[in-house]
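Here is a short tour for someone meeting this protein for the first time. Have a look at the sequence and the fold, and then read on.

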Amino acid sequence: SLTRVPRPSGFMKPVTEFLLNFGKGLNLESFTDEVGNVIIRKPATPGMENRKGVILQAHMDMVPQKNNDTAHDFEKDPIEAYIDGDWVKAKGTTLGADDGMGVAAIMAVLEDNTLTHGPLEALITVDEETGMFG
């Protein structure tokens with residue numbers, strides 16, 4: 001579902017709202033800091049509260065590149081992902097795997113209630129591709 005959300009550097013509002021809604025939908029503390037990074041906190045599994053916390057970090061923006069023959073507005077259009085054998089690809093654009101893979105992995109950990117863990121904090125930063133502003 002992350003590939004359906006436009007997220008070129010400098011245009012973070014849609015993906016920020018998507019991530020906040022994701023965290024809140026899991027009943028997790030979810031907020032943005034003063035520069036727009038999304039922070040989602042997941043409490044420790046019962047009995048693991050005294051363990052050290054772990055921060056999971058990735059950046060939410062992507063490099064908006066497309067083929068010359070592709071009409072795509074990165075501020076409005078979703079990435080058209082598809083499966084080709086063992087590969088996930090995009091039709092005429094970059095896939096956004098840098099760092100969509102990191103964000104997707106964090107989302108998977110946050111929504112998995114079978115994992116045993118200490119306190120978790122997701123830090124999903126803004127505008128890494130254009131200056132590491134987050």
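A word on terms before anything else: a residue counts as buried when its relative accessible area is under 20%, as exposed when that area is over 50%, and as partly exposed in between. What you are looking at is a predicted model.

**The overall picture**

The protein chain has 2 helices and 6 strands. Reading from the N terminus, the order is α-β-β-β-β-β-α-β. Measured out along its principal axes, the C-alpha trace spans about 55 × 40 × 25 Å. The chain has 134 residues, and 38% of them count as buried. Its accessible surface comes to about 7,900 Å², with 52% of that belonging to carbon and sulfur atoms.

How do the contacts spread along the sequence? Take the contacts between residues at least 6 apart in sequence: 65% of them join residues at least 24 apart.

**The nonpolar core**

In soluble globular proteins, nonpolar side chains tend to be buried together. The largest nonpolar core here holds 19 residues, and Leu19 and Met60 are the members that touch the most others. Two or more residues of this core come from each of helix 1 (13-25), strand 2 (38-42), helix 2 (97-111) and strand 6 (120-125).

Which residues does Met60 touch, leaving aside those up to four places away in sequence? The list runs to Arg7, Met12, Val15, Thr16, Leu19, Gly36, Val38, Val103, Ile124, Thr125 and Val126. Leu19, the other top member of the core, is on that list too.

**Two buried residues worth a look**

Now turn to Asp99, which sits in helix 2. Asp99 is buried but has no salt bridge. The nearest side chain of opposite charge belongs to Arg7, and that is 8.1 Å away. What does lie by the side chain of Asp99 is the backbone nitrogen of His59, 3.2 Å from one of its polar atoms. Beyond its sequence neighbours up to four places away, Asp99 touches Ala58, His59 and Asp61.

His117 is in the loop between helix 2 and strand 6. Is His117 buried or exposed? With a relative accessible area of 11%, His117 is buried, because the cut-off for that is under 20%. Setting aside residues up to four places away in sequence, His117 touches Lys42, Pro43, Ala44, Thr45 and Met48.

**Salt bridges**

A search of the whole structure turns up 4 salt bridges. Here are three among them, with the gap between the closest N and O atoms.

| Acidic partner | Basic partner | Closest N and O atoms |
|---|---|---|
| Glu17 | Lys13 | 4.0 Å |
| Glu29 | Arg41 | 3.3 Å |
| Glu121 | Arg41 | 2.7 Å |

Start with the pair in helix 1: Lys13 and Glu17 are 4 residues apart, which is about one turn of the helix. Lys13 has a relative accessible area of 61%, so it counts as exposed, the cut-off being over 50%. Glu17, at 41% relative accessibility, is partly exposed.

Next comes the salt bridge of Glu29 with Arg41. Glu29 lies in strand 1 (residues 29-32) and Arg41 in strand 2, so this pair ties together parts that are 12 residues apart in sequence. Both partners are partly exposed: Glu29 has 43% relative accessibility, and Arg41 has 32%.

Arg41 also forms a salt bridge with Glu121. Because Glu121 is in strand 6 and Arg41 in strand 2, this pair ties together parts 80 residues apart in sequence. Through these shared partners, Glu29, Arg41 and Glu121 join into one network.

**A stop in a loop**

Last on the tour is Glu80, found in the loop between strand 3 (54-59) and strand 4 (81-84). Its relative accessibility is 42%, so Glu80 counts as partly exposed. Which residues does Glu80 touch, not counting those up to four places away in sequence? They are Lys89, Ala90 and Lys91. As for Met62, Glu80 is 18 residues from it in sequence and 14 Å from it in space, C-alpha to C-alpha.

Terms used
Residues are numbered from 1 along each chain as its sequence is written. This is a predicted model: local features need pLDDT of at least 70, side-chain atom pairs count only at pLDDT 80 or more; totals for chains, interfaces and linings use all residues. Side-chain values use heavy atoms; hydrogens and water are left out. A nonpolar core is a set of buried Ala, Val, Leu, Ile, Met, Phe, Trp, Tyr and Cys residues joined through side-chain atoms within 4.5 Å. Buried means under 20% relative accessible area, exposed over 50%, partly exposed in between (1.4 Å probe, protein chains only). Contact means heavy atoms within 4.5 Å. Lys and Arg count as positive and Asp and Glu as negative; His and the chain ends are not counted. A polar contact is a pair of N or O atoms within 3.5 Å; within protein, one must be able to donate a hydrogen and the other to accept it, and residues adjacent in sequence count only if both atoms are side-chain atoms. Accessible areas come from the Shrake-Rupley method with a 1.4 Å probe; for residues, only the protein chains shown count as cover.
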